[in-house]
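The report that follows is meant for someone meeting this structure for the first time. Please keep the sequence and the model in view while reading.

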Amino acid sequence: MNIILLSGGSGKRLWPLSNEIRSKQFIPIFKTINGEYESMVQRVYRQIKAVDTNSVVTIATSKTQVSTIHNQLGDDVGISVEPFRRDTFPAIALATAYLHDVKKISEEESVVVCPVDPYVENEYFEALEELGKQAEKGEANLVLMGIKPTYPSEKYGYIIPKSSKELSCVETFKEKPDIETAKTYIKQGALWNGGVFAYKLGYVLRKAHELIDFTDYQDLYDKYESLTKISFDYAIVEKEPSIQVMRFSGYWKDLGTWNTLSEEMSENIIGNGICNNTCENTSVINELDIPILCMGLRNVIVSASAEGILVSDKEQSSYIKPYVDAMEQQIMFAEKSWGKFEVQDIEDESMTIKVTLNSGHSMNYHSHERRDEVWTILSGIGRTIVDGMEEPVHRGDVITMQAGTRHTIIAETELKVMEVQLGKEISVHDKKKYKLPQQTLSSVTSR
């Protein structure tokens, strides 16, 4: 299978565990059989590989999410980077050009596109495989997966098939309706449009060239900022007369809100939390090192991270986005391909950050013009390079860098560092990168 996973959301509906960098699909919230926790993207990727070990998986995502994807899935997964957010048609066109020009996938092979965040079982990916095979037959230009509705929902568009067969031509599409209209659609045999579809690679590549003036993947990437924001449905699906729909009646749930996400949690409490016996249907997800005690709560979600604390009725949690949009806040936590960081304290002229570097990784070799930095090694073994001078470091060591000093740190084991930034103008933009000194290049992976 050639699969494009769409992973471009901003993650605000699952605040405070998600932010602009760490979207909902990266939150480790699902318990695995070995007792560890995995994220949506890790779960979906694992399920795809369980069904088809040879599948070519490409994640279409924004550049702010690339480091997190590498950190959670490794370096083997394909990534089509959207340099700017331009909605689903440009994203799918870019990913399709990436498969053709970079991965050298034939125009006759099928491609399956699906969101990265539904909660599904392996039968869903078996259905995706069948979807791809049907697209490869060439009976229709697009083959959609229609989700059998379980209730009259206002959240989804609807597909009206021409027949009740498992595979049918499409009569028409309906926009997101009100509840009463949704009931009418379902009586007519309508299916949810879950944004899952397949096509021959050459079809979308030709459509992309018709609508966008570009020569190849790199040219399209370079022009991406100038592209019109438009969804794949509006640009392609609603204008295409040759469409089939394949019914899917298996388990499928869109985990877009705390309410729906908490329904799939295998336990009510993740992290340091306690609910007394008067609590009912209450979920606690706590990433802080302090306890949370809940008493007498019913149908409530409590979520705590370095970004903030949410206490909400589960149903009301669906309406969180405009309130989060109104907040102006420093990003407090992020995963990177080399590890992660968490902001501990912010003052007028200082910021304290706990940095965890994975074994064999390093920071960029860089300098800052408007701030000094102090590193305190909390645990692990590594090396620092400060203005070209290399020194071993371990727990308890303190390294001081004045503004303008070139510096990096290399982890030989997992390395935890407390970084204190000191200056009147502390900014993520105050960073100049340099090539790592030659003697260290063969022994480190730098991001």
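Which residues are buried in α3? In this predicted model, the buried residues of α3 are F89, P90, A91, I92, A93, L94, A95, T96, A97, Y98 and L99. The helix is therefore mostly covered, with 11 of its 14 residues buried. Its length can be checked as well: α3 covers residues 88-101, and at 1.5 Å a residue it should span 20 Å, which agrees with the 20 Å between its end C-alpha atoms.

A similar check can be made for helix α4, which is made up of 16 residues, 122-137. The expected span of α4 is 22 Å, and its end C-alpha atoms lie 24 Å apart, which agrees. The residues buried in α4 are Y124, F125, A127, L128, L131, G132, Q134 and A135. Seen down the axis of α4, these buried residues fall within an arc of 165°, so they line one face of the helix. As background, an α-helix has 3.6 residues a turn, so residues three or four places apart point the same way. Just after α4 comes G138, which takes a positive phi of about 80°.

**Backbone details in the loops**

Most residues other than glycine have a negative phi, and most peptide bonds are trans. Against that background, two residues other than glycine can be set side by side in the table, each with a positive phi.

| Residue | Phi | Loop | Relative accessible area |
|---|---|---|---|
| N281 | near 50° | between β15 (273-275) and β16 (283-286) | 46%, partly exposed |
| D387 | about 50° | between β26 (381-386) and β27 (389-394) | 52%, exposed |

A cis peptide bond is found from W15 to P16, with omega near 10°. P16 itself is placed in the loop between β1 (2-7) and β2 (30-31).

**Cysteines**

How many disulfides does the count come to? The count comes to 0 disulfides, and C275 is accordingly in none, its nearest cysteine sulfur, that of C294, being 4.3 Å away. Looked at from the other side, the cysteine sulfur closest to that of C294 is the one in C275, and 4.3 Å is too far for a bond, because a disulfide requires the two sulfur atoms to be within 2.5 Å. The surroundings of the two residues can be described too: C275 is partly exposed, with a relative accessible area of 25%, whereas C294 counts as buried at 3%.

**The second largest pocket**

The second largest pocket holds about 1100 Å³ of space. Its lining is formed by 31 residues, and those lying nearest the centre of the pocket are K336, W338, F341, V428 and K431. Which strands each supply at least two residues of this lining? They are β21 (339-347), β22 (350-357) and β30 (415-422), and β22 gives the most to the lining, with 3 residues. By residue type, the lining of the second largest pocket divides into 11 nonpolar, 10 polar and 10 charged residues.

Technical notes:
Residues are numbered from 1 along each chain as its sequence is written. This is a predicted model: local features need pLDDT of at least 70, side-chain atom pairs count only at pLDDT 80 or more; totals for chains, interfaces and linings use all residues. Side-chain values use heavy atoms; hydrogens and water are left out. Helices (H or I, at least four residues) and strands (E, at least two) are DSSP runs, numbered from the N terminus. The expected span of a helix is 1.5 Å times one less than its number of residues. Buried means under 20% relative accessible area, exposed over 50%, partly exposed in between (1.4 Å probe, protein chains only). The arc is that of the directions from the helix axis to the C-beta atoms. On a 1 Å grid over the protein atoms alone, a cavity is a set of points where a 1.4 Å probe fits but cannot get out, and a pocket is an open set with protein on both sides within 12 Å along at least five of seven lines; lining residues have an atom within 4 Å of a point. Grid points are joined across faces, edges and corners, and a volume is the space filled by probe spheres set on the points. Ala, Val, Leu, Ile, Met, Phe, Trp, Tyr, Cys and Pro count as nonpolar, Asp, Glu, Lys and Arg as charged, and the others, Gly among them, as polar.
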